[in-house]
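Open the model in your viewer and keep the selection panel at hand. This tour goes one stop at a time.

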Amino acid sequence: MVGEFEVGAVPFNPDGWGPPDSTTVTATTTTTLPLHVPFAPFSRSEKLGRIADFTRSFPAANANPSNRPSSKHGAAHPSDAPFDFSLDLDAFPLVNPDDDSSFRLVDAKPPPRPKFGPKWRFNQHRPQLPQRRDEEVEARKREAEKERARRDRLYNLNRSNQNQQRREAAIFKSSVDIQPEWNMLDQIPFSTFSKLSFTVPEPDDLLLCGALEYYDRSFDRITPKNERRLERFKNRNFFKVTTTDDPVIRRLANEDKATVFATDTILATLMCAPRSVYSWDIVVQRVGNKLFFDKRDGSQLDLLSVHETSQEPLPEAKDDINSAHSLGVEAAYINQNFSQQVLVRDGNKVSFDEPNPFANEGDEVASVAYRYRRWKLDDGMYLVARCEVQSVVELNNKKSFLTLNALNEFDPKYSGVDWRQKLETQRGAVLATELKNNANKLAKWTAQALLANADLMKLGYVSRVHPRDHFNHVILAVVGYKPRDFASQINLNTANMWGIVKSIVDLCMKLNEGKYVLVKDPSKPQVRIYEVPADAFENDYVEEPLPEEEQVQPPSEDAEGGEANSTTNDVENKEIDAQT
């Protein structure tokens with residue numbers, strides 16, 4: 001038990017805290033004051049620290065300093081008094097600091113938990129604010145994701161294809177109805193096409209028909225700021241004649257000029273088959289030792305695909321102006337009118353060996369020339385194809401052939417790139433977006449230009465006046481490319497293209513005489529070969545027809561006269577009217 005503690009007399013200091021500067025201390029006061037009571041000067045504004053620490057009990061002066069907190073030695077030394085702060089380095093720095101190196105204040109708080117992980121391993125004294133800030137950032141990200149998902153839901157609700165979430169889940173229809181009596185002979189996955197390669201020698205030009213008008217170079221200076229309205233050419237006739245209906249090909253076949261016959265559209269479809277997504281079909285007829293590649297009447301090959309390779313799904317409703325069928329009709333209509341508007345229509349034409357083989361006398365025919373070219377595929381096997389060019393231009397005192405095609409913008413929301421804002425400053429970004437969304441169409445145009453040996457291919461950028469107006473369009477820009485350079489830019493390998501054609505020709509030459517059809521699977525990257533009856537796809541063949549509004553009026557040949565009827569823009573306008 002500790003004895004009674006006497007403080008003694010404490011002198012009063014009227015001028016401040018602590019003992020006065022000069023005071024008379026009696027002997028009695030001196031003897032009753034505790035010994036070794038330190039004093040540290042301070043002002044009224046400073047916070048007071050400890051006054052006394054009754055928990056400390058230090059050993060004798062000769063003890064080990066490391067065992068100083070132990071209380072078993074008792075308070076044998078005067079410095080062990082509760083009021084002794086002589087070893088407190090904070091208040092008295094003059095004392096030996098080694099004696100108090102392990103001093104710790106008494107603290108009832110739990111020890112801090114170690115911060116594990118790379119963020120805290122080398123910075124354990126970092127305050128807690130960064131972690132709280134990270135949590136706030138994560139919370140904001142989650143809120144942004146919720147808001148984005150909400151906007152996507154509202155966007156999908158405003159469109160007609162509410163049940164179609166992604167393009168991968170879209171169900172495409174076959175381009176032709178597979179009849180139960182058809183016999184499937186083989187199916188070829190597109191993965192095998194990528195390994196094929198075949199080099200053909202330079203082709204021969206057998207015949208050149210038609211007449212070409214000159215290209216108007218003023219269209220090269222068109223920009224979105226001085227756009228031009230797309231005109232309509234209702235009186236000019238455009239022909240989409242298949243292989244066996246072509247009188248020139250029939251004549252060349254009778255003269256045994258080749259073994260395989262096709263058109264540039266059919267060959268380009270085969271060459272670019274691995275890039276296709278929509279279903280297509282090509283009719284193959286084996287007659288004797290000859291092979292004819294045809295398209296059906298009303299085939300999808302007469303139209304142009306739009307957003308075929310895009311990830312954004314298009315509306316499925318046929319009456320929607322942005323459905324795949326409606327956009328195909330609109331793109332064909334734009335392409336035909338564009339190919340005639342960019343010409344110098346002054347009556348000056350470049351005529352060739354024979355006139356247009358499909359036109360009647362007195363008809364106003366669109367500017368087009370047909371080049372019948374022959375390639376050698378093998379010993380004794382030749383291929384003849386009808387290739388098209390649309391215009392001619394004088395370059396270095398030499399006439400150069402041009403192909404004219406138009407890309408069309410229908411709604412910037414689908415592509416994510418607004419042509420009117422990006423064409424002047426970021427034309428490369430616009431072209432890259434089109435290559436992503438329309439890879440098959442651009443590859444087919446390039447293949448057709450290479451087959452026709454065109455010197456230049458002109459691409460027009462045509463957009464709707466308003467996203468909801470699919471009748472009126474404007475030309476925003478026209479850009480020219482060399483076909484071979486553009487083919488390398490879009491990674492189109494000529495040897496691989498001919499390898500695909502050669503493999504399909506070899507496969508079909510092994511078949512018996514008859515009629516067959518190549519059908520691209522609507523949901524898988526593969527093509528199937530069916531054996532069909534001889535009267536398939538003819539007028540007397542009973543087949544489940546498509547609704548009339550879903551069909552494009554095909555160019556047909558008069559059975560008696562053998563002359564092909566022409567397809568005009570009036571038909572296209574009626575088709576577009578039917579869609580709306």
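Which residue with a positive phi follows α4? Select Asp256: this residue comes after α4, and its phi is positive, near 55°. Keep in mind that you are looking at a predicted model.

**Stop 1: the helix**

Now select α4, residues 247-254. Start at its N-terminal end, where Asp246 acts as the cap. Show the side chain of Asp246 and the backbone of Val248. A side-chain oxygen of Asp246 lies 2.9 Å from the backbone nitrogen of Val248.

Next, colour the buried residues of α4: Val248, Ile249, Leu252 and Ala253. Why do they sit on the same side of α4? They cover an arc of only 135° around the axis, and that places them on the same side.

What covers these buried residues? Add β2 (204-213), β5, β7, β9 (368-378) and β10 to the view; the cover includes these strands.

**Stop 2: the sheet**

Show the strands as a cartoon. Ten of them form an open sheet, and the pairing is mixed. Trace the order: β1-β16-β15-β6-β7-β5-β10-β9-β2-β8. Look at the edges, where β1 (183-189) and β8 (349-351) stand. Each has a single partner strand, so one side of each is left without a neighbour in the sheet. From one strand to the next, the twist averages 20°.

Bring α4 back into view. The helix packs on this sheet and touches β2, β5, β7, β9 and β10. The direction of α4 makes about 170° with that of β5.

**Stop 3: strand β5**

Select β5, residues 260-263. Are its faces covered or open? Both are covered. Val260 and Ala262 are buried on one side, and Phe261 and Thr263 are buried on the other.

Now check the neighbours of β5. Select β10, residues 381-389: four bridges link it to β5, and the pairing is parallel. Find Thr263, then move across to its bridge partner in β10, Arg386.

On to β7, residues 290-294. This strand also runs parallel to β5, and two bridges join them. Here Phe261 has Phe292 as its bridge partner.

**Stop 4: an antiparallel pair**

Finish with β15 (residues 514-520) and β16 (residues 526-532). How do they run, parallel or antiparallel? They are antiparallel, joined by six bridges. Select Leu518 and look straight across: Ile529 in β16 stands opposite.

Conventions. Residues are numbered from 1 along each chain as its sequence is written. This is a predicted model: local features need pLDDT of at least 70, side-chain atom pairs count only at pLDDT 80 or more; totals for chains, interfaces and linings use all residues. Side-chain values use heavy atoms; hydrogens and water are left out. Buried means under 20% relative accessible area, exposed over 50%, partly exposed in between (1.4 Å probe, protein chains only). Two strands pair if DSSP finds at least two bridges between them. The arc is that of the directions from the helix axis to the C-beta atoms. Contact means heavy atoms within 4.5 Å. A polar contact is a pair of N or O atoms within 3.5 Å; within protein, one must be able to donate a hydrogen and the other to accept it, and residues adjacent in sequence count only if both atoms are side-chain atoms. Axes are lines fitted to C-alpha atoms, for helices over the stretch in contact, and angles run from 0 to 180 degrees between N-to-C directions.
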